[in-house]
Structures are given as C-alpha cells and as structure tokens.
Amino acid sequence: MMLRFISLAVLCAALAGCQSTATPLSQAAAGPSGQARQDAGTTQLASAKQTESEVQTASVKRAAPGAAGFDDWLAGFRRHAAAEGISEATLARALDGVRYRPRVIELDRKQPEFSRQIWDYLDSAVSTSRVNNGRDKLAGHREAASRAASQYGVPAEVIISIWGIESSYGGYLGDFSTLESLATLAHDGRRQEFASAELLAALRIIQAGDIAPDDMKGSWAGAMGHTQFIPSSFLAYAKDGDGDGRRDIWTSIPDVLASTANYLAEAGWRSDEPWGVEVVLPQNFNFSLADASQRRSSQDWARLGVTASAGGELPGLESAAVIAPAGARGPAFLVGQNFRVILRYNNATSYALAVALLSDRIAGRPGISGDWPRDLKALSRHQVKELQQRLQARGFDVGTPDGIFGPNTGRGLREFQREQGLVPDGFATLDLLKRLQ
C-alpha cells in the first residue's frame, strides 16, 4: 500500500536525476511560513507513482498552456468529473467561478538557487519558542492528543511536533483556494495528471460534506489544513476525532490530531520503538556505513563501536541506520523504522530530524549534544549541479546533474573522497568542489 499525503513543503518538485527515488507519504506544499520549502534540500511534492486515477485523468483533453485555454480545459475536466460520479450540484458549487491563478504556476516553476544548511533549518524548526508553544498546545489539547496517541499508537509529542513543523501549530494554513490551485496546476503545471487526480479527490471531499468549497484553502500546491494533507490523503486517512460526523482538518484540532496519528500509524509506526538516538561514532568508523540504506540491529551497531551520546545502551531497534547529515564533523544519529515513517511524511532528512528532535524537546528530553560545523557554507543549486557534472565527468555515476543533492550524488561524492584519501562522508563542501575543479 502506498500512502500519499502532503506535508507543508512542496507538492511541486518531483525529485529527479540525482535525487532519491523514495516516495514520500505526505509531501507538503509549503513550509510553516507558507512558502515553498528550501530546508536543506527539501523540495517536497507528492512525487508518488502514477495511480489509476492519474491515468484516467490523463485522458482529459489538454488546452493550450496559460490562462487563455483554461476555460476549455475546465469544461473538459467537468465532463470527466461527472463521469466519475461527481454530481452536477457539487460541480456547480465547487467549480463555478474557479479562476486560473498565474501565481500558482510561478511558484510551481520556481527553483530556489540557495539552500540552507541543516543546522540553520533546525535552529528555526526546533527553536525555543516552538518547543514552548508545542508544550502549551499539548497541554491545551491533552485529552484529544492522548486519545489519538492511545488509538493509533503514535506518541502525542510526535503528533504535536508534526503540527508545529507543518503550520506552526495552525499559525499559517495557507490562503490559496485548493480548487483554484489544483485546477491551475492540472491545466498548466509540471505534474498535470497528478494535480488533476487531486482535484477530483477534492471534489469528492466537498461532495461528502466535509468542507464547503469556499473554506477549502491551503498552500499553493494543494496541501490543506493544520498538518497539510493533499486531497487524496484526506480521503484515505483523515479521521473524525471529535465525533461530529465530519473530518475537519481546518478547524477541529481533535480531527487534526487523529488524522495525523492515523496517517503515521498506516505508514508503519512502531509503538514499541523510539525514532532513534544521537550517537557517538568510533574514531575508525567507516563512513560508507553512514547511509540510510545500511541497516543493522542496535546490537550490531554497538559491536561496531557506536555508542549513545548520552551514555547507556542503544535503544532496541531492529533495523537501524547511522546517518551523519553534516558529515564527519557533525552529530550522528542512529535511526529506525519510525524515523523512516516520518520521512514518508516528507522525504527530507532535515524535516524528519526536525520532527524527531522537536518531539523529544516537547517531551522534556534534551536536544543535540554534538556541534554542527557552522563554518561551512551551503552550496548553491548551481554549485551542486557543477559538482555533479564534474563527478560525472570523472566517472562517478550520479545520474543526471540537476542541482539537487540526493543519495546518488552522495554515493558518487563518497567514491571521489575515497580516491582522494579523504573521509568518505558524502558531505558536499566548497573545498570538495574546488578539488573537482
């Protein structure tokens, strides 16, 4: 089963070429500020496999791009939606007056040139104010959070943490009409079939009576509510947490918490495991093993000299990986199944680590003890693309150079580092780019 959602981060950027092929469960369209997310390489967009619905909507006749052909496209889509069981009354309520939104296309095609280092992102994502606000929100909604945690087996602090990262606890839900955003993207966006399928799902939500068309608002990319579900994920995983007969992720916090917990549970959350732990690596550690694909039990990692930074035994994780998101000079973490579940919500290490660390802090556990290499500047998208091109030219396969640093680029960079007699941590720096130049 493939879960699909959209966390607040970019329902628009299907990661390609040098990027990972993993499919996020939820892929937000905008960050807590409502802007397209740039969190240390985070460009989410529900880049999921094409579904049957997407294939069906591909048959909707395409008009010329731009606003000029929008009305023709919308008329064709309405016929398709009617054939899929959407009533004429719902079509009239939802689509009469829907406009083409040029701003949505502008955001869809915008490719940020500059990224942030992971520590810069975490400084804001897990700030003292966000921790304190999270504790206040948990205290204020203790009954609903405890009920969701008990029913779905996901800790209340984790549910609250996702709420905080996705919308700053409801501080910004997005003010784009979901219907207009998805219609615009379906007509003229970069993932037209996907957006068309999501627009049809949005109509099903309206037809079911969960939300009125005018109240269905969210990010420019179609993500909705306090924890930013795309419409298809809403249909599959949203829950009525307050018992009023509607699934309302816009105004009902019990519904928000229950829906988010259900999503994580369906993604494979293990109630008997933590997300992971900060660790100390031995001096002779082989950084080729610091890769999400290199999974071992906690006991096996302990035999390799990996220890918990806070002392004591490593948590019992059946299938865990060591990650060092800032390379050999930064903190390292042992992460298990639940960390991978958070990645399904948003397929970016920076995001998953933010959710995990924020949940720890909300629960009263300490933050990171290791130091980040704050003297290192982030590479721009142009510089990452040049690094990829130069690695490719030297025979290190990184896929198609695209300026997005993903697992393929990391593997190629590790091979180059080994060739140079350097620690193969796969962390891109200006010094490494200069070596390649």
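**Exercise 1. Two helices side by side**

Describe how helix α7 (residues 142-152) and helix α12 (residues 253-266) pack in this predicted model, beginning with the angle and the distance between their axes.

*Solution.* The axes of α7 and α12 lie 9 Å apart and form an angle of about 25 degrees. Since angles under 35 degrees count as roughly parallel, the two helices α7 and α12 are therefore roughly parallel to each other. Their crossing is right-handed. On the side of α7 the contact is made by A144, A145, R147, A148 and Y152, while α12 contributes P254, L257, A258, A261, N262 and A265. Sorted by character, the residues of this contact between α7 and α12 comprise nine that are nonpolar, one that is polar and one that is charged. For the spacing along such a helix, it helps to recall that an α-helix has 3.6 residues a turn, so residues three or four places apart point the same way.

**Exercise 2. A second helix pair**

At what angle do helix α4 (residues 102-109) and helix α9 (residues 178-188) pack, and which residues meet?

*Solution.* Helices α4 and α9 pack at an angle of about 65 degrees, and their axes are 9 Å apart. The crossing of α4 and α9 is right-handed. From α4, the residues V104, I105, D108 and R109 meet S181, T184, L185 and D188 of α9. The residues of this contact divide into three nonpolar, two polar and three charged.

**Exercise 3. A covered helix**

How many of the nine residues of helix α14 (residues 337-345) are buried, and what covers them?

*Solution.* Eight of the nine residues of α14 are buried, and the helix is accordingly described as mostly covered. The buried residues are Q337, N338, F339, R340, V341, I342, L343 and Y345. Their cover includes the helices α8 (156-167), α12 and α15 (349-362), together with the strands β4 (295-296), β6 (320-323) and β7 (332-335). Helix α12, which packs with α7, thus appears here again as part of the cover of α14.

**Exercise 4. Positive phi values in two loops**

Is S168 buried, partly exposed or exposed, and which of these words applies to Q228?

*Solution.* S168 is placed in the loop between α8 and β1 (176-177), and has a positive phi of about 50 degrees although it is not a glycine. Its relative accessibility is 28%, so S168 counts as partly exposed. Q228, in the loop between β2 (217-218) and α11 (231-237), likewise is not a glycine and has a positive phi of about 55 degrees. With a relative accessibility of 0%, however, Q228 counts as buried.

**Exercise 5. Either end of the α17 region**

Where do N408 and Q420 lie, and which residues does Q420 contact apart from its neighbours within four places in sequence?

*Solution.* N408 belongs to helix α17 (residues 407-419), and its 24% relative accessibility makes it partly exposed. In space, the C-alpha atom of N408 is 4.9 Å from that of V398, although the two residues are 10 apart in sequence. Q420 sits in the loop between α17 and α18 (430-436), and at 31% relative accessibility Q420 is also partly exposed. Leaving aside its neighbours within four places in sequence, Q420 is in contact with R394 and R435. Between Q420 and R435, which are 15 residues apart along the chain, the C-alpha separation is 9.2 Å.

Conventions: Residues are numbered from 1 along each chain as its sequence is written. This is a predicted model: local features need pLDDT of at least 70, side-chain atom pairs count only at pLDDT 80 or more; totals for chains, interfaces and linings use all residues. Side-chain values use heavy atoms; hydrogens and water are left out. Axes are lines fitted to C-alpha atoms, for helices over the stretch in contact, and angles run from 0 to 180 degrees between N-to-C directions. Angles under 35 degrees count as roughly parallel, over 145 as roughly antiparallel, 65 to 115 as roughly perpendicular and the rest as oblique. A crossing is left-handed if the near helix is turned anticlockwise from the far one by less than a right angle, and right-handed if clockwise. Contact means heavy atoms within 4.5 Å. Ala, Val, Leu, Ile, Met, Phe, Trp, Tyr, Cys and Pro count as nonpolar, Asp, Glu, Lys and Arg as charged, and the others, Gly among them, as polar. Buried means under 20% relative accessible area, exposed over 50%, partly exposed in between (1.4 Å probe, protein chains only).
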